Amino acid sequence: MSKNNQEHRDSTTDFFLNFISKEKEKPKTEEKHITPQSINDEIDLRGRAFVNGAIKVMNFINSTLDRMLQSGLSLKILSFILATILLFTVNGGNFENLFSTPNSGDYIQQVPVKIENLQDDFVVAGMPETVSVGLVGPSIDIYNAKLMKNYEIYADFSGIGEGEQTVELKSRNFSNDLEVLIVPQTVTVTVSQKVTKTFSLGYRFKNEDSLKDKHSVSVDSIEHSEVEVRGSQDNIDNVYSVEAIIDLKGVTDSFTQECKVKAF
């Protein structure tokens, strides 16, 4: 072995010995030992954080809904949104059918009829109190009409005099995209001048069976002995008595009562 080779090997050996010696002199860092308990603690910590976050979200949603339900306008808006979502679902998620289909139809039952522009000294007989209304058009407009209920059916008596008259019922506050069909569309009524007739005022008891056996009832006095009834001649001719209705429910002693007066 040559001298040069011996010197190279010695220098290499010294290098590695020095490196190992320096590594041994370095302070050992504390190793973190992972145990099953530490894993469980980490899982519990993350689980509690998730549950706390979910509770905060639910509390926010509940408080928001409470505020909305306390407001009439917010409740209508929420109902409209839910109705729109339901309608969208029924239509299979097709926006084109939802907003532009003109062949949907539905009925609104028992819509009150208003009488307008009738002379003060006239009375109408034969006018129905309610009618049915058919709607044809975009589904969203039909649902909106049924939800908002701001429509009206009315009969206009402008320029209509006494006698038997045929009056057309009209509608308003429906969407212009809806075809409105009123059933019946026209009605035959009798317009008469009001007449007044005086009747003696009697009385009758209501809920008389609620009195206990030891109690009896009699009327000492009535404020009015006569009343006037005003209406069409036909209705007045059909009145055979006018009576005050005295309600005996819960009565156990002498009493004074304000009574409704009805014509029979």
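**Strand β1, two loops and a lysine patch**

Lys249 counts as exposed because its relative accessibility is 64%, and the cut-off for that label is over 50%. The model is predicted, and this value is computed from it. Lys249 sits in the loop that links β10 (242-247) to β11 (260-263). What does Lys249 form on the surface together with Lys206, Lys260 and Lys262? These four lysines gather in a patch of positive charge.

Now turn to strand β1, which covers residues 104-116. Begin with its partners. Strand β3 (residues 130-137) is one of them. β1 and β3 run antiparallel, and seven bridges join them. Within this pairing, Asp106 of β1 stands opposite Leu135 in β3. Strand β4 is another partner of β1. In which sense do β1 and β4 pair, parallel or antiparallel? They pair in the parallel sense, over four bridges. Here Glu116 stands opposite Asp156 in β4.

Next, look at two residues inside β1. Gln110 lies in this strand, and so does Val111. Is Gln110 buried or exposed? Gln110 is exposed, because its relative accessibility is 65%. Val111 is buried, because its relative accessible area is 3%; the limit for buried is under 20%. In a regular strand, side chains alternate between the two faces of the sheet. Gln110 also has a backbone feature to check: its phi is positive, about 55 degrees, although Gln110 is not a glycine. For Val111, look at a contact across the fold. Its C-alpha atom is separated by 8.3 Å from that of Glu129. Along the chain, Val111 and Glu129 are 18 residues apart.

A positive phi turns up at Lys149 too. This residue is not a glycine, yet its phi is near 55 degrees. Where is Lys149 found? Lys149 is in the loop between α5 (139-148) and β4 (152-156). The loop thus leads to β4, because β4 is named as its far end, and β4 is the strand that pairs with β1 over four bridges. Lys149 is exposed, because its relative accessible area is 60%.

One more backbone feature remains. Which residue does a cis peptide bond join to Val183? The residue is Pro184, and omega of this bond is about 0 degrees. Pro184 is placed in the loop between β6 (179-183) and β7 (186-193). Val183 is the end residue of β6, as the range 179-183 shows.

Notes
Residues numbered from 1 in each chain as written. Predicted model: local features only at pLDDT ≥ 70, side-chain atom pairs only at ≥ 80, totals over all residues. Heavy atoms only, no water. Patch = residues over 30% accessible without salt bridge, like charges linked within 9 Å, V, L, I, M, F, W, Y side chains within 5 Å. Areas by Shrake-Rupley, 256 points an atom, 1.4 Å probe, with all protein chains shown as cover. Salt bridge = Lys/Arg side-chain N within 4 Å of Asp/Glu carboxyl O. Lys, Arg positive; Asp, Glu negative; His and termini not counted. Charge placed at Lys NZ, Arg CZ, Asp CG, Glu CD. Buried < 20%, exposed > 50% of the residue type's maximum accessible area, 1.4 Å probe, protein only. Pairing = 2+ DSSP bridges.
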